[in-house]
Amino acid sequence: MANQRAQIVMSPDEVEEFLLQQRSATVATLGPQGRPHLVGMWYAVHDGHVWIETKLKSQKVVNLRRDPTMSFLVEAGHTYDQLRGVALEGTGAVIEDPEVVWDVCVNVFERYNAPYTEELRPFVELMAKNRVVVRLDAVRTRSWDHRKLGMAPMDLGGSTAAFLDR
């Protein structure tokens, strides 16, 4: 039997496509006692990096200014045969440059709302006010796509199934 881990790894193109298609991520930074600080975030894929926009004084920014260690996780799939995910590990660079903040905020706005137009400028301006962006400089990428295992489709079951949008 071939190494199952090697069989389910996504190619770089598959990783990029997956990140472009998904909506929510879990971002981890290290808190003051060295414990992971986890938050759910929307994100942008921009200039070959994953980015988040956040408040200037958010806990994750405070954490990154102290220790830039950061990780990022996106997962999809409700049954084992459909599980997919990408985990990135690296350093988070806090960027305050207004032009970069604007570009990332437009990217996030378009991913989750609508194509940007000048009529929508006030919404993006509000979004960018008192914000910074964080660029994840990844040094490690882990990925998995259980669909590559060729398993028979599994029925959605368990106590949480009734709460899922299908």
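Is D47 buried or exposed? I shall open with that residue and then move through the rest of the protein. The model before us is a predicted one. In this model D47 is exposed, because its relative accessible area is 63% and the cut-off for exposed is over 50%. D47 is found in the loop between β3 and β4. Its backbone also deserves a remark: D47 has a positive phi of about 55 degrees, although it is not a glycine.

A second residue can be described in similar terms. N130, which is not a glycine either, has a positive phi near 55 degrees. N130 sits in the loop between α5 and β7. With 57% relative accessibility, N130 counts as exposed.

Let me now turn to the overall architecture. The protein has 5 helices and 7 strands. Read from the N terminus, the order of elements is α-α-β-β-β-β-α-β-β-α-α-β. The C-alpha trace spans about 50 × 40 × 35 Å along its principal axes. The protein has 166 residues, and 40% of them count as buried. The accessible surface comes to about 10,000 Å², and carbon and sulfur atoms account for 52% of that surface. As for contacts between residues at least 6 apart in sequence, 70% of them join residues at least 24 apart.

I should next like to consider helix α4. This helix covers residues 98-112. Does its length agree with what is expected of a helix, or disagree? At 1.5 Å a residue, its 15 residues should span 21 Å, and the end C-alpha atoms are 21 Å apart, so the two values agree. At the start of α4, a side-chain oxygen of D97 comes to within 2.7 Å of the backbone nitrogen of E99.

Which residues of α4 are buried? They are V101, W102, V104, C105, V106, N107, V108, F109, R111 and Y112. The cover over these buried residues comes from several parts of the chain, including the helices α2 (12-21) and α5 (121-128). The strands β3, β4, β6 and β7 also contribute to that cover.

The next topic is charge pairing. Side chains of opposite charge can pair when their charged atoms come close. How many salt bridges does the structure hold? The number is 9, and I shall describe three of them.

One of them joins E96 and R65, with the closest N and O atoms 2.9 Å apart. E96 lies in the loop between β6 and α4, whereas R65 lies in helix α3, so this pair ties together parts that are 31 residues apart in sequence. E96 is partly exposed, at a relative accessible area of 48%. R65 is also partly exposed, with a relative accessible area of 48%.

Another salt bridge links R140 to E89, and here the closest N and O atoms are 3.6 Å apart. Because R140 lies in strand β7 and E89 in strand β6, the pair ties together parts that are 51 residues apart in sequence. R140 is partly exposed at 44%, and E89 counts as partly exposed at 26% relative accessibility. These two residues also belong to a network of salt bridges, in which E89, R140 and R142 are linked.

The third pair lies within a helix. R121 forms a salt bridge with E125, the closest N and O atoms being 3.6 Å apart. What separates the two along helix α5? They are 4 residues apart, which means a separation of about one helical turn. R121 is partly exposed, with 30% relative accessibility, and E125 is partly exposed, with a relative accessible area of 41%.

Two further sites complete the presentation. The first is E75, in strand β5. E75 counts as partly exposed, at 46% relative accessibility. Leaving aside neighbours within four places in sequence, E75 is in contact with F18, R84, G85 and W144. By contrast, the C-alpha atoms of E75 and N113 are separated by 21 Å, with these positions 38 residues apart along the chain numbering.

The second site is on the surface. Which residues make the nonpolar patch of about 280 Å²? Y80, M151 and M154 do so. Y80 lies in the loop between β5 and β6, and Y80 counts as partly exposed, at 43% relative accessibility.

Technical notes. Residues numbered from 1 in each chain as written. Predicted model: local features only at pLDDT ≥ 70, side-chain atom pairs only at ≥ 80, totals over all residues. Heavy atoms only, no water. Patch = residues over 30% accessible without salt bridge, like charges linked within 9 Å, V, L, I, M, F, W, Y side chains within 5 Å. Areas by Shrake-Rupley, 256 points an atom, 1.4 Å probe, with all protein chains shown as cover. Salt bridge = Lys/Arg side-chain N within 4 Å of Asp/Glu carboxyl O. Buried < 20%, exposed > 50% of the residue type's maximum accessible area, 1.4 Å probe, protein only. Expected span 1.5 Å × (residues − 1). Contact = heavy atoms within 4.5 Å. Polar contact = N/O pair within 3.5 Å; in protein donor to acceptor, adjacent residues only side chain to side chain.
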